[in-house]
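Visitor: Could you take me through the cysteines in this one, up close? And once we're there, I'd like to hear about the charged side chains too.

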Amino acid sequence: MTSIIPASSKDLGQQLNGLPGNGQPKNENKISERIRARLVAEDVSFLANDNIAEHIQPGELKELEVEVADRVRELLQSLVIDIDNDHNTQETAERVARMYLNEVFKGRFYEQPDVTSFPNTKDLDEIYTVGPITVRSACSHHLVPILGNCWIGIKPGSRVIGLSKFARVADWVFSRPHIQEEAVMILADEIERLCEPKGLGIIVKAQHYCMKWRGVKEPSTSMVNSVVRGVFRHDPSLKQEFFELVRQQEAILAT
């Protein structure tokens, strides 16, 4: 029996995506269509800022990487870029596919980092804040960067988690296409689920490249938003204490 080995990643992509001789895709064989059909059958949301890791089977991310690279290659060709002869863009499609699946949008395709919570055996009851935590995301309208900082305030409940875990969870949540207002709410939901605090406050201050790089092109504009829950929401003095602690952290870092 004679076996045929693809000569390039492009050939491999065509085999995995079920491209027949005329180069037109058989949609039912595309890995994205198979994953999408599974999500629809299970009535699972797959919006831009949803996590779908639970519904991706072993090996499918590598297949998806090949398919995404093929689509990026088509985008470059549609932009009339000679990717066959331009040495700067010959491997761009593969780089972009790896970047989106494994870095920029990893919060969609990978499971939440392991976070172990511990009993609050000392009955800690004082507010503490963690920050600034660097957050990196992408605007879901234009897929350009959102870069900024996040502060998290906690009034502990029955369980606590390590300080570094807040940064890991924030990175996981923000590594998806987002609008900032929704990202903060999703992060708050995850932290409440992990440690059930009596009070939770989150502030995010970020710059949006959909305003810096395009459109109005305002290089110094930023967006600040917050969410407060539990006792922070219902007790104005505790809410004020949280915001004051964040201001103190910023002042210390500015000196």
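Guide: Let's start with the yardstick: a disulfide is a pair of cysteine sulfur atoms within 2.5 Å. Keep in mind that this is a predicted model. Now look at Cys139: its closest cysteine sulfur is the one in Cys210, 3.9 Å away, which is too far for a bond. Cys210 tells the story from the other side, being in no disulfide, with the sulfur of Cys139 as its nearest cysteine sulfur. By that cut-off, the disulfide count is zero. Both cysteines are tucked away from the surface: Cys139 counts as buried because its relative accessibility is 4%, and Cys210 is buried as well, at 14%.

On to the charges. The salt-bridge count comes to 15, so let's pick out a few, going by a cut-off of 4 Å between a side-chain nitrogen of Lys or Arg and a carboxyl oxygen of Asp or Glu. Start in helix α2, where Arg36 pairs with Glu33, with 3.1 Å between the closest N and O atoms. Those two sit three residues apart in the helix, so about one helical turn separates them. Arg36 is partly exposed, with 35% relative accessible area, and Glu33 is partly exposed too, at 27%.

Then there's Arg38, which makes a salt bridge with Glu60, the closest N and O atoms being 2.8 Å apart. Here the partners come from two helices, Arg38 from α2 and Glu60 from α3, so the bridge ties together parts that are 22 residues apart in sequence. Arg38 and Glu60 are both buried.

For a longer reach along the chain, find Asp171 and Lys106, whose side chains meet in a salt bridge at 2.8 Å, N to O. Asp171 belongs to helix α6 (residues 163-174) and Lys106 to helix α5 (residues 106-109), so this pair links distant parts of the chain, 65 residues apart. Both are partly exposed: Asp171 has a relative accessible area of 22%, and Lys106 has 28%. Elsewhere, Asp70, Arg73 and Glu94 are joined into one network by salt bridges that share partners.

Last stop, some acidic side chains on the surface: Glu42, Glu54, Glu111 and Asp114 form a negative patch. To find Glu42, go to the loop between α2 (31-41) and α3 (60-78). Glu42 counts as partly exposed because its relative accessibility is 44%.

Terms used
Residues numbered from 1 in each chain as written. Predicted model: local features only at pLDDT ≥ 70, side-chain atom pairs only at ≥ 80, totals over all residues. Heavy atoms only, no water. Patch = residues over 30% accessible without salt bridge, like charges linked within 9 Å, V, L, I, M, F, W, Y side chains within 5 Å. Areas by Shrake-Rupley, 256 points an atom, 1.4 Å probe, with all protein chains shown as cover. Lys, Arg positive; Asp, Glu negative; His and termini not counted. Charge placed at Lys NZ, Arg CZ, Asp CG, Glu CD. Helix = DSSP H or I, 4+ residues; strand = E, 2+ residues; numbered from the N terminus. Buried < 20%, exposed > 50% of the residue type's maximum accessible area, 1.4 Å probe, protein only.
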